[in-house]
Every structure is written in structure tokens, then in C-alpha cells.
Amino acid sequence: MSAARSLTRGRGRRLTGRTRLLISAATTGLLLVGIILCSLFIGEQGLSVKLELRDLPPSLQHLFGTDWLGRDMFSRTVQGLTLSVAVGLAGAAGSTVIAMMMGLAAAFLGRKVDRVVTWLIDATLSVPHLVMLILIAFVSGGGIQGIMIGIVFTHWPSLARVIRAEALSVVTADYVAVSRGFGRTRWWIMRHHLAPHLLPQLFIGFLLLFPHAVLHEAAITFLGLGFSPHQPAIGIILSESMRYLSSGMWWLAVFPGLALLVTVRAFDMLGHSLQRLIDPKHSRT
Amino acid sequence: MSGLHETVTAQVKGQWRGWIRFAGGRVLRLLLLLAFVCFVTFLLADLSPIDPIQAYIGADMMRVGPEQRAEIGAYWGLDQPFAERLLRWAGNLLQGDMGTSMIYREPVSDVIADRFASSAALMATSWLLSGIIGFALGSIAAIRQGGITDRFIQSVCYTIASTPAFWIALLAMTIFAVWLGWFPVGLGVPAGVLAGDVTLLDRLYHMALPALTLSVAGIAPVALHTRAKLIEVYDSDYVLFARARGERGWKLFLRHGLRNAALPALMLQFASFSELFGGAVLAEQVFSYPGLGQATVEAGLRGDVPLLLGLVICSSLFVFTGNLLADSIHSAIDPKRRLHPEVKS
């Protein structure tokens, strides 16, 4: 009796994996649409300089306050977030593609290629990401392409390992041997056995790479190696705010950072809940 | 009896030999990797569109004629083919000569040596702090698995993992240095004090806030890893048996949980040197703390190629050391891995 009650009570209190996934997917989607709509609505006019409105703390007219030039911080934050999310999505997508190619090559093209790929993974992981990003941003002469190249070429290793292991486990599985015995072609096996295993992993990998990509983008722009100061990326807004923090203008740093945190957390949650749903190993803990 | 003793000794010796061979192979592999990283770094720097002569001369470029440019280039060996320059650079590197920093106008090795101590102190402190706090939080979460404490700790960890490290630093600075005034706003030592008069206490006082920030950023991975590991341990048969014997609570944790979860956590901490260095770069930048990270940013921003190359190599050596330590701990403990080094867990 008590066991049954605790079971139902537990179920009522804790959401199932699917509900949680739907909630976080909806939240992330709403957030994305909200950011895009806001940035379209604000456009360029929201960033105009109004010197008579400078240094205002947060109020109803200016939700996030204004900066030392009287620019509305909410508009700047939304614009910066659009830029950061775009760079993050592109960077994560690029690394996912590289991870897929590397992982599949390691799994299918024989031992030698496997060794080379493992070697490349180890080499990439052995330089701190941020240092590598600084080096690449410097080498490519700064700007958006430097950040993108840097993110794409530093973030792929972890996912490549997952893809390699997954592909190897599928290829050596008994049911694939049976399939081959039935005379199925390689293409058929790839489509019916490999793809159903790999596609979810790739999608989850992409979702979980995104937070890293965005955070690294923010870090590198914060250090001053990325965009030009006229582009309001979150990193740039935060690094500019540093000069004004000691005069008590806390809102310059708090809100843009918080907005970035919420966005990153939403994607991270979506990735993790999807992972829990698909991968039984993660579902228990 | 003595026969048995001998076989056991021989077995132990064989195991040690296997382990030494394994460790030797690891070191060799890491050295090769390091050489590869050096090569790629040099290649990247060579491919970059930045003109080293212009970067060196800076604003005086207008006063330097083309002949003088060519002379400077010849002096540096820039007119030589790529392979020759690479070999010369590698040869110098092996002798510990990494060239001369353009910003600081002194040998790169001196710049790095000067700053290494401050960075090492900062990173070691936060490494220890984040390890201890993270392990404690992860253990508490695992023991209270499914409860409100567990969910709270988990969500705190996931939130920390999604937070930009430099933003934590900015918040810490605003709250503790600007509003409360408990800590200095920045710099590694008090301003306006002669280098000889700076006490250890001053240094610690200036290091406190960057170190705290950095350790907060490092808590999440250890805590989550420890939690997962400890839950696995608590689900095992030997813990079930121990519970059946009447062990529980603190004693059960000390005897079975702590031992089995501490080593994975330690390994993870060693393997996370890469993130530690990245975090230090950001924390040092926010607090203007004079360490390796700040030098890296300066070198990247102002185009100091020799210093940047030196720092890339130095930081990857640091990461290598961490990985090597993590690996040797793993193989020293796990017999499966010691005897069959190719097994990946």
C-alpha cells in the first residue's frame, strides 16, 4: 500500500523524461523565436545614442538600463545575443560535421586512418581550447571568420569519439553480420542500421556542443580578439562594461551575462533531456 | 610456502615491468604529440598574414626603407625556405631558446618563467578548492539521490557549467571588490609598492578573488562526475552486502564510497588542466592578474608571435602533464588497463 502510494506520489512530483523534454524544447524554441523577433523589431534604431538618457539604472522604459552613451541595454543585449547564437549555431554545426566525418573515417577506413584520427583528437585536446582560439583568431587576423574557424576546429574531438565508438559498435554487431549474410548492400545497411543509431547522437552532440561554442565565442570576444567593437556581441558588451563597474553601473554586466546564461542553459537542458531519453545509460542517473 | 612467495613476487614484478613499459610508451607518445603540436603551431604562425617585421617595428614603419626591411628579414632568417626556418626554430627550442618577445623585449623563456609562479599559485589554489568542494557536493548529491538536495546541487552544477567564467569573475569583482570592498579590484600586488616590499600576505590577498572565481567555474564537472560514480558504487553488490552487514551512513561512505569515487574524481581533475588554463586566462584578464593567461591575451592582441608560440607550447606541456598524471593514476590502479594498455574505459 505505502509502496504503491509512494510510487504514484513520486510520479506526480517528478516529470517523466518525455514531458521534461517537451518542456525544455518548447522553452528553447520560444526563447529563440523571442530573440529573433525582438532583434528584428528593434533593428538599428534601438542602438541609437541618446546622450540625455545615459547611465540610467533599469526601469520600465529601459528594462536593462542604459549605458554611458544612453544606448538601451535591452536592445544591445538582444542584438548581441542574436549574433552570439548565430555564431554558436554555425560553429556547433561545423564541428558536428567534422566530428561526423572524422568518426566515420576512423570507424570505416581501416586501422591506419583510425590511428591518424585518434592522433588528431589527442593533439587537438592537448592545447587548451582558449589558447588555440586565441592563436587561430590571431593567425586569421581577427574578425568573425577567425572565431568560426577556431570554434569549428577545436570542438569536434569529443563528439568524434562518440561517433567512432557508436559506428564501430553497430558495424561489429551480430544483426549487421546477419544483414550482410542476407546479401544486403552496404548502402542498405548504412541506411537501415547505421543512420538510426548515428543521427540522434549527432543531433544531441550538436545541441551539447552549442553551449561550449557560444561560451567560447563570448570568451574570445571578451578578450578583444573577435569582432570589432561596433558589433554588439555579448562578449564585447561585457568587456566594455568592465570600465564602468567600479562606478557602480552593475546593470551593464549583470543583464547581458544573465541573458547569455539563460540561452546557453536552455540549449544545454534540451540536449541533456534528449540524451536521457535516447540513451539508456544516462537515463538512470 | 616459499615457492608461493616467489611466484607472487615474480607476478608483482611482472606487473611493475608492464606498468613501466606502459608508462614509457605513454611518455614517448606524448613527446611525439608535443612535437606535432609545435609543428602545427609554427605552420599556423607562418601562414598568418601578419608581417613579423612590421609587427616588430610597429609605428616606426614609415622610417624604414625596403633595403633595411630586407636586412632585418635576412638577420632573422626570414628569407630562408620554410623547412630550414622550422629546423632552426626546433633546434633553438630544444635548447630552451624560444626567441625574444616583441612586447616585453626580453627572452620568451624569461617572460614565461616570471609569470609562471603567479599563474601556478592561482591555478593550484583553485584546482584544490574546486576539487574538494566539487567532490563534497557530488557525494552529498549521490547520497541524497533523487531528493531535493540532489536536484538542487545538480541544477546548480548545470547552471555553473552554462555560465561564462569571465562573467562570474565580473560579478565577483562587482560584489566583493566594488560594493563590499573586501578585496582589491585587481592586480597581483598592491599598486605603488616596491617589488621588494610586497609580502606573501599581499600576494595571497590579491590572489583570493581570482582563485575563488576560477574554482567556482571548475566545480561542476567534478561534482557531476562524482555523483554519477558514487551512485554506481552504491548500486553495486558489495555495497548491498555491506548494508546487509549493517554498515550505513558515514561509515559506509568512508569505507566503500569515498575510496571508489575519490580516484575517478582525482583523474578527472588532472585531465581538466585544459579548462583550468582557459579559465585562468579569463580570470587573469578580468582581475589584471599578471600571469601566463594575461600574457597570452597580450601576445595575441599585439601580434607577438614568439611569445604566443612559447605560450602555446608551455600551456600544452601543462595539459600533457595533467593527462599523463591522470593516465598513470588510472593504469597504476586498474589492473585491466595495466596489462592491456589498449583497453579504454
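Along the sequence, chain A reads α-α-α-α-α-α-α-α-α-α-α. That comes to eleven helices and zero strands; both are DSSP runs numbered from the N terminus, helices being H or I over at least four residues and strands E over at least two. The model is predicted: local features need pLDDT of at least 70 and side-chain atom pairs pLDDT 80 or more, while totals for chains, interfaces and linings use all residues. Residues are numbered from 1 along each chain as its sequence is written, with chains lettered from A and ligands numbered from 1 in the order written.

Chain A has 285 residues, of which 44% are buried. Buried means 20 or more other C-beta atoms within 10 Å of the residue's own, exposed 12 or fewer, partly exposed in between, with C-beta atoms placed from the backbone. Of the chain A contacts with a separation of 6 or more, 68% join residues 24 or more positions apart. A contact needs C-beta atoms, placed from the backbone, within 7 Å.

**Helix pair α5(A) and α6(A)**

The axes of α5(A) and α6(A) (residues 144–171) come within 8 Å and cross at roughly 140°. Axes are lines fitted to C-alpha atoms, for helices over the stretch in contact, and angles run from 0 to 180 degrees between N-to-C directions. The two helices are therefore oblique to each other; that class is what remains after roughly parallel (under 35 degrees), roughly antiparallel (over 145) and roughly perpendicular (65 to 115). Residues A:H129, A:M132, A:L133, A:I136 and A:A137 of α5(A) meet A:G146, A:I147, A:I149, A:G150, A:F153 and A:T154 of α6(A).

**Contact with chain B**

Chain A gives 36 residues to the contact and chain B gives 43. On the chain A side, α5(A) has the largest share, eight residues. The classes compare as follows. Nonpolar covers Ala, Val, Leu, Ile, Met, Phe, Trp, Tyr, Cys and Pro; charged covers Asp, Glu, Lys and Arg; polar covers the others, Gly among them.

| Surface | Nonpolar | Polar | Charged |
|---|---|---|---|
| Side of chain A that touches chain B | 26 residues | seven residues | three residues |
| Contact of α5(A) with α6(A) | seven residues | four residues | no residues |

**A:Q201**

A:Q201 lies in helix α8 (residues 186–222) of chain A. Is A:Q201 buried or exposed? A:Q201 is buried, because 21 other C-beta atoms lie within 10 Å. Leaving out residues up to four places away in sequence, A:Q201 touches A:V162, A:I163 and A:E166. The C-alpha atoms of A:Q201 and A:I163 are 7.3 Å apart, across 38 residues of chain.

Technical notes: Contact = placed C-beta atoms within 7 Å.
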